[in-house]
Amino acid sequence: MTTIQERPRVLDLPAPKVTTGIADVDIHPVPPADALTAYLPRRWREIVREYGVRTTNGLFNLGEYPQLYGGAMRADTWPETGFPGSDLDLIRKQLLDLYDVQLGVLQCISPGGQALNPASQALRPELADALTRAVNDWQLEHLVRPEPRLRAAISVAFESPDLATAEIDRLGSHPGVVAVLGLSKTRDPLGSRRYWPIYEAMIANGLPMQIHLSQGGGNPSTGTGWASYHTEYHVGQVQSFQSQILSLVLSGTFDRYPDLRIMFVEGNVAHFVPLMQRLDYHWETLRSEVPDLLRKPSEYLADHIWVSTQPIDEPDKPAHLVEYIEEFGADNVLFASDYPHFDFDAPDAIFPPSFPAELKDKILRGNAVRFFGLEDGA
Amino acid sequence: MGAPTMTTGGTGANRPVPEGRRAAVVDCDVHAVLPSARSLLPYLDDYWADQLVAQLAPYYEPGYHPPSSPIAERPEVTPGPDGRAGTAVDALVADVFSDGGPDFAVLNCLYGVQQIHQPRREIAHARALNDWIAREWLDADDRLRASIVVPQGTPDAAAEEIDRCAADGRFAQVLLLGQSELPYGRQINWPIWEAAERHGLPVALHIGGVFRQAPTSVGWPGTYLEWYVGQQSNLEAQLASIVSEGVLQKYPSTRIVVSELGFGWVPPFLWKFDKLWKSYRPDVPWLTERPSDLIRRHVRFTTAPSDGFERPGALDRLVDRLGSEDMLVYSSDYPHRHHSAPREIENGSSDPALIDRIRRTNAFDIYGLSVHSDL
Amino acid sequence: MTRYIVANTTDIPQGERKIVELEGRSVGIFNLDGEYYALLNRCPHAGAPLCEHGTVFGVASADGPDAPIDYERQRSLRCPWHAWEFDIRTGVSFYDPRNARVRKYEVEVVPGSPEDVVDPDGGRQDGPLVLEGYAVSVEGDVVVVDTSRRRPGRTRDQAERRRPAATA
């Protein structure tokens with residue numbers, strides 16, 4: 001079946017620029033109740049109404065670990081009605097205006113409020129496709145168009161790369177789109193060749209990918225079974241990112257796609273440093289298993305892997321934070337607030353007083369230029 | 001290094017050493033290899049022996065160190081009669097206790113009984129394996145100690161096996177694999193912690209797994225290198241589980257030795273765990289102190305592979321980030337080959353006192369092994 | 001020592017809170033079953049509006065992972081940003097009692113009879129009213145916040161005794 005993909009009206013949007021303000025790479029909008037309905041074809045509307053959205057757990061409308069407090073929302077972000085992140089004026093007031101965010105990148109991971117799994121995790125590929133398209137069209141029309149400081153990372157049916165690439169091609173040239181949104185919990189590690197077509201489409205459209213932490217995805221919450229308590233579940237999020245970075249590097253994905261840019265969002269920074277050092281160390285012994293790799297593993301980071309600061313690492317000695325960021329790569333760390341979610345990071349609060357000003361400047365604005373391919377505002 | 005530094009008495013890092021003795025240098029992770037499934041036949045009863053033969057003696061050689069890959073053996077090791085390192089006690093003893101070597105070595109036999117799905121077979125084979133270790137290894141050299149291999153799939157039976165083996169004081173700890181079917185903090189696994197504490201035995205969490213599910217939270221890694229390096233993530237999960245589920249409150253004398261799984265990942269893990277504990281305290285109200293403080297007290301990490309911390313200054317920086325000098329214990333990971341030799345970890349520090357802790361006194365805290373001061 | 005009338009008791013119903021500005025600082029006053037508590041409206045961790053948007057929650061404790069969980073409602077104030085908790089009575093954090101705390105203010109409920117306090121300008125003023133030195137006219141009981149630092153050497157017992165037992 002060949003259909004001409006309907007494209008939303010392309011806006012006359014100027015390219016995003018970060019000059020005096022900052023870039024925030026992780027903002028979570030929530031579509032108001034029923035907002036997506038208008039963007040869903042009737043047949044899917046009916047199916048969702050009758051059967052819900054089936055995902056990899058046996059719950060009708062929940063992720064595996066329902067958040068402990070108020071949907072994991074920052075308690076001061078609830079609008080008069082609806083969920084945090086559903087009121088554009090409040091996003092402006094509490095985030096964009098307050099911190100002078102010039103580029104805020106939307107990570108819409110929950111189409112139906114706090115409870116529903118992300119659209120891209122719907123098990124039925126065609127439904128995941130319809131839901132992610134609806135999310136994307138909604139955010140472009142209702143957030144990016146009225147508020148061009150916000151730009152979208154578009155959600156895609158990640159586990160069905162043929163559908164994901166079609167969506168990337170549909171929206172890739174839209175000026176409101178600055179990245180493709182993936183999730184940390186995937187069915188296979190990200191270096192798996194079945195995901196390669198997605199990377200090809202991204203590169204063809206000049207887009208990088210943001211991988212945001214998630215639940216779900218079809219594997220247990222850890223590689224050694226399901227966690228019980230929220231401490232374990234939430235601490236475990238970085239473990240998924242660790243597995244993903246190893247897979248991306250060792251699969252040769254970056255050799256195959258030299259223009260691939262990936263950012264891990266809400267996955268901390270410090271832990272990647274010893275992991276890559278460990279990988280280098282063992283690669284020296286075991287490189288005969290991956291003879292095609294063109295570079296030493298850690299050498300791929302500078303060109304291919306970016307990370308966001310939130311949740312900021314809080315060592316007992318603040319100097320350790322700076323050390324780890326510099327060891328990871330001062331040019332590859334970007335600021336994220338995670339607004340309106342709980343464990344929000346404020347750009348004026350997370351940097352210890354001793355934090356070097358130049359490094360802070362890179363994290364808050366400079367490093368966004370290369371990752372998102374912006375015009376250099378400097 | 002390794003020469004006695006104290007003439008009378010002395011201390012472990014945190015507990016006293018008996019008068020006239022010094023804390024022993026311990027190699028906390030050395031691998032004895034079961035040469036063949038048939039090696040267990042003398043230690044299985046008739047039923048299980050006949051079962052094994054009828055099955056054509058399936059050899060549960062684990063894939064943790066592919067035997068022909070570079071990690072399997074260091075070039076200089078003395079092979080056993082079958083040409084493999086670690087299969088014969090005299091060869092192993094000659095290598096491990098060569099000049100400048102340790103006073104004691106702890107054997108971790110990784111033969112994969114834990115991957116047997118049939119629970120009663122797993123129980124029988126774990127028992128046979130421990131008897132094989134006692135007769136063919138521990139009897140051969142009194143400097144050898146060993147870990148008790150337990151049938152992880154049936155924690156009550158694992159506890160019974162700990163009770164049985166602990167009577168033989170040469171079993172110095174309990175061996176669990178890094179990846180389990182259910183995280184080790186889960187109450188179903190408490191009989192193992194209870195038994196280990198009852199006998200004053202540390203529990204080693206060693207690289208390896210039962211492979212009941214993908215060994216990462218995002219599916220199956222394609223390469224061995226990816227699996228091997230990535231198993232540190234499962235140890236983060238295990239420690240998060242053990243702490244969160246309250247094992248360390250329930251069994252407060254518990255000591256854990258994370259073995260052959262690196263240690264560079266620990267500081268960022270502790271910071272994240274502490275920060276989220278502050279958020280989620282009401283979910284785990286028995287945790288009345290920071291997870292990092294509990295882990296610093298209860299958990300030790302073996303130094304091989306050294307993962308790059310053998311570079312000058314790197315070990316000192318790590319200890320500063322760990323916030324503790326107590327957490328590392330020396331291991332050679334014999335006969336496995338890594339990018340640097342085991343003792344090269346000492347290059348990572350300019351502090352001889354730290355190296356002495358790693359080689360002797362930190363190990364004394366967990367194993368209580370000492371030798372005469374004049375040795 | 002400066003003591004401020006911050007509200008009539010009727011202004012802060014049971015379970016409610018009021019945010020006022022005292023000496024340039026935002027302060028939250030809580031009424032929990034007739035007991036009043038006042039804390040600085042700023043989380044010491046990242047500066048979040050702790051009192052204004054924090055959640056009053058209970059405190060759980062357990063002797064062990066298989067012991068019963070004791071739970072006392074209305075003891076903690078959970079920060080809106082990271083969910084770190086503070087004892088609403090003392091401002092002391094539960095995660096690091098020795099080092100992390102939010103400033104606590106002494107609160108009293110006193111009768112605000114016209115004989116005691118008279119507003120020189122007549123009528124009621126909006127906003128915080130200074131009790132001593134700027135006597136004002138109020139009706140019924142008033143909630144008074146003391147902004148002075150706790151004096152060194154004063155024992156916890158003494159501090160406890162200073163706290164009003166309940167609504168008069």
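## Exercises on a predicted model

Chain C has 2 helices and 10 strands. The model is predicted.

**Exercise 1. In what pattern do the helices and strands of chain C follow one another along the sequence?**

Solution.
- Read chain C along its sequence: the pattern is β-β-β-β-α-β-β-β-β-β-β-α.
- Next, burial: of the 168 residues in chain C, 32% are buried.
- Then contact range. Take the contacts in chain C between residues at least 6 apart in sequence; 53% of these join residues at least 24 apart.

**Exercise 2. How many residues do chain C and chain B each bring to their contact?**

Solution.
- Chain C contributes 13 residues and chain B contributes 10 residues.
- Sort the side of chain C that touches chain B by class: 8 nonpolar, 3 polar and 2 charged.

**Exercise 3. Why do the buried residues of α2(A) line one face of the helix?**

Solution.
- Start with the buried set. Helix α2 of chain A spans residues 88-96, and A:I91, A:L95 and A:L96 are buried in it.
- Look down the axis of α2(A). The buried residues fall within an arc of 70°, so they line one face.
- Recall the helix geometry: an α-helix has 3.6 residues a turn, so residues three or four places apart point the same way.
- Check the other side of α2(A): A:D89 and A:K93 are exposed there.
- Find the packing partners. The buried residues of α2(A) pack against β1 (22-27) and β2 (101-106) of chain A.

**Exercise 4. Describe how α4(A) and α5(A) pack.**

Solution.
- Choose the descriptors: two packed helices are described by the angle between their axes and the distance between the axes.
- Apply them to α4 (residues 161-171) and α5 (residues 196-204) of chain A: the angle is about 10° and the axes are 8 Å apart.
- Classify the angle. Angles under 35 degrees count as roughly parallel, so α4(A) is roughly parallel to α5(A).
- List the contact. From α4(A) come A:P161, A:A164, A:T165, A:I168 and A:D169; from α5(A) come A:P197, A:I198, A:A201 and A:M202.
- Sort the contact of α4(A) with α5(A) by class: 7 nonpolar, 1 polar and 1 charged residues.

**Exercise 5. Is A:F241 buried or exposed?**

Solution.
- Locate the residue: A:F241 is in helix α7 (residues 237-250) of chain A.
- Count neighbours. A:F241 has 25 other C-beta atoms within 10 Å, and 20 or more count as buried. A:F241 is therefore buried.
- Name the contacts. Leaving out residues up to four places away in sequence, A:F241 touches A:S184, A:F264 and A:G267.
- Add a distance. A:F241 and A:D280 lie 39 residues apart in sequence, and 17 Å apart in space, C-alpha to C-alpha.

Key:
Residues numbered from 1 in each chain as written. Chains lettered and ligands numbered in written order. Predicted model: local features only at pLDDT ≥ 70, side-chain atom pairs only at ≥ 80, totals over all residues. Contact = placed C-beta atoms within 7 Å. Nonpolar A, V, L, I, M, F, W, Y, C, P; charged D, E, K, R; others polar. Buried ≥ 20, exposed ≤ 12 C-beta atoms within 10 Å, placed from the backbone. Helix = DSSP H or I, 4+ residues; strand = E, 2+ residues; numbered from the N terminus. Arc of directions from axis to C-beta. Axes fitted to C-alpha atoms, helices over the stretch in contact; angles between N-to-C directions. Parallel < 35°, antiparallel > 145°, perpendicular 65-115°, else oblique.
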